[in-house]
Amino acid sequence: MSNQADSMKDCLAGLRVIDLTRNLPGPFATRLLADLGADVIKIEPLNGDPARAFGELFTALNHGKEVQKVDFRDPSGIDTIKAHLKDADVMLDSFRPEVLEGMGLDAKTLHALNPKLVMVSITGYGLAAGDAVSHDWADKAGHDINFMAMSGVLDQLKTADGGQAMPNIQFADLAGGSDTAVIALLAAVLSAQRTGKGRHVAVSMTHSLYQHMVMPKVTGKLVKSFTGKKPKPQYDFLGGLLPCYRLYKTADSRHMAVGSLELKFWQGLCDVLELPELKTKHWQMGVMPNTKDSQEAAEMVADKFASYGLAHWQQVFESSDVCVTPVLTLEEAKAHHLFAHQDDYNSTPGWQLLG
């Protein structure tokens, strides 16, 4: 564990977490809690967490947790779990809705045992509860790709020519599941500390991802206002439509990421690229992305980037503060000095203690 991670390990010291989750979303959530100092007991079925088949993945997610195995189908195994829950603060699970009740670990039973217990269930599609949320998807099986597909997020990941991209990062599992679960969990724990009452929260990975699409919901309307039609994802405001905010291919078929969204950054980019005639060809100067001037600006920038390889541009922009960066491979990122403080599991905390 790096010093940066250690510096925050007192934040959740004393928080007792019982982790019944498996695979990726739940274990990554409790990994974050453990990194902040929580005491995590991971309870697996006798045949183990399926993530064990991936070796290093299981270790990266579960190091530092106390791991126990019990028979979830045996009453004595359930009694063992209940014994842990009597003085726990949090329990996480990732079962289908009816499984907890079938095991005798439903909220009514557990809150009678421990009124302050916060229960967080990570689900794929959420629960149909009352008049506000009504659907028949609660019991459907799924994985990250399915939750991304149903939320509309997967369709947003298009290649420049409109092809469907297949992401290698589990956005639904991690952003929609792990991160959202930790936020809900900590909020519920604070409430329980104030009121003495726990609660059972169901996190929907699909709905959380849909919530994350705040930009496309707005920018699509913006683009339609000046083009007359709703844009395809690769032609949305931040999807590749603007010359100042897109990927440009280099001579060696790598890419530079240009995020010069504001006028000052765009004009700085034009200086670096020695294209001063483009300084006024920016959306903040009234040059809308559906115009000839905007399209020609994009072509000129593309031609310039295509004239040299990635290493050249990486060196050129190293000292230029215009929001332009190389698109690094995973191995390049791991070797970059930006990540020099990563730990033995190739992990870096997302926080730094400044005082």
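How do S7 and strand S8 pair, and over how many bridges? I will come back to that pair after the overall picture and the first sheet. Please keep in mind throughout that this is a predicted model.

Overall picture, then. The chain has 16 helices and nine strands. Its C-alpha trace spans about 75 × 50 × 40 Å along the principal axes. Of the 355 residues in the chain, 40% are buried. If we take the contacts with a separation of 6 or more, 62% of them come from residues 24 or more positions apart.

Now the parallel sheet. Six strands make up an open sheet, and the order is S3-S2-S1-S4-S5-S6, with parallel pairing. S3 and strand S6, residues 199-204, are the edge strands, each pairing on one side only. From one strand to the next the twist averages 20°. Helix H9, residues 171-195, packs on this sheet, where it touches strand S4 (90-93), strand S5 (118-123) and S6. The direction of H9 makes about 160° with that of S6.

At the S3 end, strand S2 (residues 39-44) and strand S3 (residues 66-69) pair in the parallel sense over four bridges. Between those two strands the chain passes through helix H3, residues 56-62, and this β-α-β crossover is right-handed. For the register, Lys 42 has Val 67 in S3 as its bridge partner, and Ile 43 has Gln 68, also in S3. As a general reminder, side chains in a regular strand alternate between the two faces of the sheet.

Just ahead of S2 there is a glycine to look at. Gly 37 sits in the loop between helix H2 (25-35) and S2. Is Gly 37 buried or exposed? Its relative accessible area is 12%, so Gly 37 is buried. Leaving out residues up to four places away in sequence, Gly 37 touches Lys 9, Leu 12, Ala 13 and Gly 14. For a sense of distance, Gly 37 and Gly 198 are 161 residues apart in sequence and 21 Å apart in space, C-alpha to C-alpha.

Back to the opening question. S7 and strand S8, residues 255-259, pair in the antiparallel sense, and they do so over five bridges. Within that pair, Tyr 245 stands opposite Gly 259 in S8. The pair belongs to an open sheet of three strands in the order S7-S8-S9, where the pairing is antiparallel. Strand S7 (245-249) and strand S9 (324-326) are at the edges with a single partner strand each, so one side of each has no neighbour in the sheet. Ignoring direction, neighbouring strands here are turned by 20° against each other on average. Helix H15, residues 310-317, packs on this sheet and touches S8 and S9. The direction of H15 makes about 30° with that of S8.

Last item, helix H11. This helix covers residues 214-227, which is 14 residues, and it reaches 21 Å from its first C-alpha to its last, close to the 20 Å expected at 1.5 Å a residue. Which residues of H11 are buried? They are Thr 219, Gly 220, Val 223 and Phe 226. Why do these buried residues line one face of the helix? Seen down the axis of H11, they fall within an arc of 135°, so they share one face. The face turned away from that buried side carries the exposed residues Val 214, Val 218, Lys 221 and Ser 225.

What covers the buried residues of H11 includes helix H12, residues 237-241. Take Thr 219 as one case on H11. Thr 219 counts as buried because its relative accessibility is 7%, and the cut-off for buried is under 20%. Not counting residues up to four places away in sequence, Thr 219 touches Asp 236 and Phe 237. Just after H11 comes Gly 228, which takes a positive phi of about 90°.

That leaves three things to look for when you turn the model on screen. One is the open six-stranded sheet with parallel pairing. Another is the open three-stranded sheet with antiparallel pairing. The third is H11, with its buried residues on one face.

Conventions
Residues are numbered from 1 along each chain as its sequence is written. This is a predicted model: local features need pLDDT of at least 70, side-chain atom pairs count only at pLDDT 80 or more; totals for chains, interfaces and linings use all residues. Side-chain values use heavy atoms; hydrogens and water are left out. The expected span of a helix is 1.5 Å times one less than its number of residues. Buried means under 20% relative accessible area, exposed over 50%, partly exposed in between (1.4 Å probe, protein chains only). The arc is that of the directions from the helix axis to the C-beta atoms. Contact means heavy atoms within 4.5 Å. Two strands pair if DSSP finds at least two bridges between them. A crossover is right-handed if, with the strands pointing away from the viewer, the path from the first strand over the helix to the second runs clockwise. Axes are lines fitted to C-alpha atoms, for helices over the stretch in contact, and angles run from 0 to 180 degrees between N-to-C directions.
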